[in-house]
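Let's take a walk through this fold, one element at a time. Keep the viewer open and follow along.

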Amino acid sequence: HRGHQALLAGIKEKARAQGAKLAVVTFVPHPGLILHPKENFLLNSYEERRVLLAAQGVDCLWELEFNRDFSTLSPEQFLKGHILRFPGVKGLYLGHDFSFGANKSGNEETVRHVCGPLGVEVTVLPEHRQGEANYSSTSVRGKVHQGDVAGAAVLLGRSFFLSGRVVKGEGRGHKIGFPTANMDY
């Protein structure tokens with residue numbers, strides 16, 4: 001969505017000025033699908049997400065496998081074992097509502113406490129809004145759920161789309177003179 005696009009553009013600019021690479025850390029599957037499976041749906045497939053991030057100039061995408069065991073890591077275990085284990089990390093950029101670790105117990109203060117002594121800069125990014133529009137995945141999902149695909153497109157900065165494999169259905173549309181394509185997405 002436009003919020004992530006603006007944040008990535010700003011971070012990319014800062015990274016380039018420092019001679020650094022822009023790396024994004026994400027999870028597969030999405031934590032919501034594990035922790036709250038009935039409440040979430042993905043806006044894009046993992047492959048679509050990779051393509052969209054590459055188009056934003058992301059140099060490195062690191063997909064961590066998320067499962068129930070992973071969700072029990074303390075914030076410190078996550079930072080030290082998965083983020084800071086690589087030499088040369090210069091900065092971490094956190095969303096305004098960022099929380100992480102078991103039971104979302106980690107926050108900006110936790111990151112600063114762990115990263116400060118290592119000289120890793122921590123930046124909290126502001127919420128990205130324009131007027132009443134809140135550019136967030138939750139807002140986009142809400143628009144799609146309401147059937148407001150045009151509104152979702154405004155928040156996304158592109159058309160909302162689904163992709164998947166066309167599968168054989170029961171042929172009802174063809175029987176009434178209106179053939180359809182059934183998609184398994």
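A residue counts as exposed when its relative accessible area is over 50%, and as buried when that area is under 20%. Keep in mind that this is a predicted model.

With those cut-offs in hand, look at helix α3, residues 46-55. Val51, Ala54 and Ala55 are exposed, and they sit on the face of α3 turned away from its buried side. And what makes up the buried side? Tyr46, Glu48, Arg49 and Leu53 are the buried residues of α3. They span an arc of only 150 degrees around the axis, so they end up on the same side of the helix. The general rule behind such patterns is handy: an α-helix has 3.6 residues a turn, so residues three or four places apart point the same way. As for partners, the buried residues of α3 pack against α1, β1 (23-28), α2 (31-35) and β2 (60-65). Right behind the helix comes Gly57, with a positive phi near 90 degrees.

Since α1 is one of those partners, let's hop over there. Leu8 has its place in α1, which covers residues 2-17. Is Leu8 buried or exposed? At a relative accessible area of 12%, Leu8 is buried, because the cut-off for that is under 20%. Leaving out residues up to four places away in sequence, Leu8 touches Leu22, Val24, Leu53, Gln56 and Val58. You've already met Leu53 as one of the buried residues of α3. Phe41 is another story: it lies 33 residues from Leu8 along the chain, and the C-alpha atoms of the two are separated by 23 Å.

Next, the strands. In β3 (residues 91-94) the side chains alternate, with Leu92 and Leu94 buried on one face, while Gly91 and Tyr93 point to the other and are not buried. β3 runs parallel to strand β4 (residues 121-124), and four bridges join the two. If you want a spot to zoom in on, Leu92 stands opposite Val122 of β4. Add helix α5 (residues 108-115), and β3, α5 and β4 together form a right-handed β-α-β unit.

Last stop: helix α6, residues 137-145, where Val140, Arg141 and Val144 are buried. Viewed down the axis of α6, they fall within an arc of 100 degrees, so they line one face of the helix. Thr138 and His145, on the other side of α6, are exposed. The buried residues of α6 pack against α7 (149-156). Just past α6, Gly147 adopts a positive phi of about 85 degrees.

Note on methods
Residues are numbered from 1 along each chain as its sequence is written. This is a predicted model: local features need pLDDT of at least 70, side-chain atom pairs count only at pLDDT 80 or more; totals for chains, interfaces and linings use all residues. Side-chain values use heavy atoms; hydrogens and water are left out. Buried means under 20% relative accessible area, exposed over 50%, partly exposed in between (1.4 Å probe, protein chains only). The arc is that of the directions from the helix axis to the C-beta atoms. Contact means heavy atoms within 4.5 Å. Two strands pair if DSSP finds at least two bridges between them. A crossover is right-handed if, with the strands pointing away from the viewer, the path from the first strand over the helix to the second runs clockwise.
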